[in-house]
Amino acid sequence: MGVIMNKNWNRIYKNNIRLDNIFIEKYKDTTDYYKKNSIEFLVELGEFVNETKCFKYWTVKTPDMEKVLDEFADAITMILYFFNVLKLDLDDIQEHYDSNNILDVINNTYLLGTNLISNCDEKLVRQILGNLIHISKLLNIKEDEIINAIDKKHKIIESRLNSEY
């Protein structure tokens, strides 16, 4: 069964599109904008995974959930940029890597993310978003926590866009 992207997700996506458009207008002379955002997605995914500590078998430290959510919001914001590039709606996101092993799902998400550099298509970005949502469930992150983290991130992005960040 897929993840139903409800009105909160649609609100987040519409705000993301608005911020993307402001960003594109402000930095319209930037070359290789798409390629840079492809790399940025991988960076944000890495920062998120690093904060989860799920692969750090050598540490006893527990993740700081505020930092995890902040980095997760960055990864979601970046993948929504690719939805915007393709002019996609947030439909029922069904496809994700079929495993409950978080390391397998993360590795698959990285693999898919590297494909963004040369191949941005609907199936790919939907799979990545599906994987991210699946990862959040494996980490017991609630949907309202995700929405709140993205709202907070959008406010930070907007503030930066209105300054000389």
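1. Nonpolar core. In this predicted model, the largest nonpolar core is made up of 40 residues. F41, I76, I79 and F83 have the most contacts inside it. Six elements are to be checked here, since each gives two or more residues to this core: helix 1, helix 2, helix 3, helix 4 (102-115), helix 5 (122-138) and helix 6. Helix 3 is the main contributor, giving 11 residues.

2. Burial of helix 3. Of the 21 residues of helix 3, 16 are buried, so the helix is largely enclosed by the rest of the structure. The cut-off behind that count is a relative accessible area under 20%.

3. Geometry of helix 3. From its first C-alpha to its last, helix 3 reaches 30 Å, close to the 30 Å expected for its 21 residues at 1.5 Å a residue.

4. Ends of helix 3. At the start, a side-chain oxygen of D64 comes to within 3.0 Å of the backbone nitrogen of E66. After the helix comes K87, which has a positive phi, near 60°.

5. Largest pocket. The volume of the largest pocket is about 630 Å³. Its lining has 22 residues, of which F23, N37, E40, M78 and I157 are the closest to the pocket centre. Two or more lining residues come from each of helix 1 (7-26), helix 2 (33-52), helix 3 (65-85) and helix 6 (143-161).

6. Character of the lining. By residue class, the lining of the largest pocket divides into 9 nonpolar, 8 charged and 5 polar residues. Helix 3 thus appears under both headings: it gives two or more residues to the pocket lining, and it gives the most to the largest nonpolar core.

Notes: Residues numbered from 1 in each chain as written. Predicted model: local features only at pLDDT ≥ 70, side-chain atom pairs only at ≥ 80, totals over all residues. Heavy atoms only, no water. 1 Å grid on protein atoms, 1.4 Å probe; cavity = no way out; pocket = protein on both sides within 12 Å on 5 of 7 lines; lining within 4 Å. Points joined across faces, edges and corners; volume = space filled by probe spheres on them. Helix = DSSP H or I, 4+ residues; strand = E, 2+ residues; numbered from the N terminus. Nonpolar A, V, L, I, M, F, W, Y, C, P; charged D, E, K, R; others polar. Expected span 1.5 Å × (residues − 1). Buried < 20%, exposed > 50% of the residue type's maximum accessible area, 1.4 Å probe, protein only. Polar contact = N/O pair within 3.5 Å; in protein donor to acceptor, adjacent residues only side chain to side chain. Core = buried A, V, L, I, M, F, W, Y, C linked by side-chain atoms within 4.5 Å.
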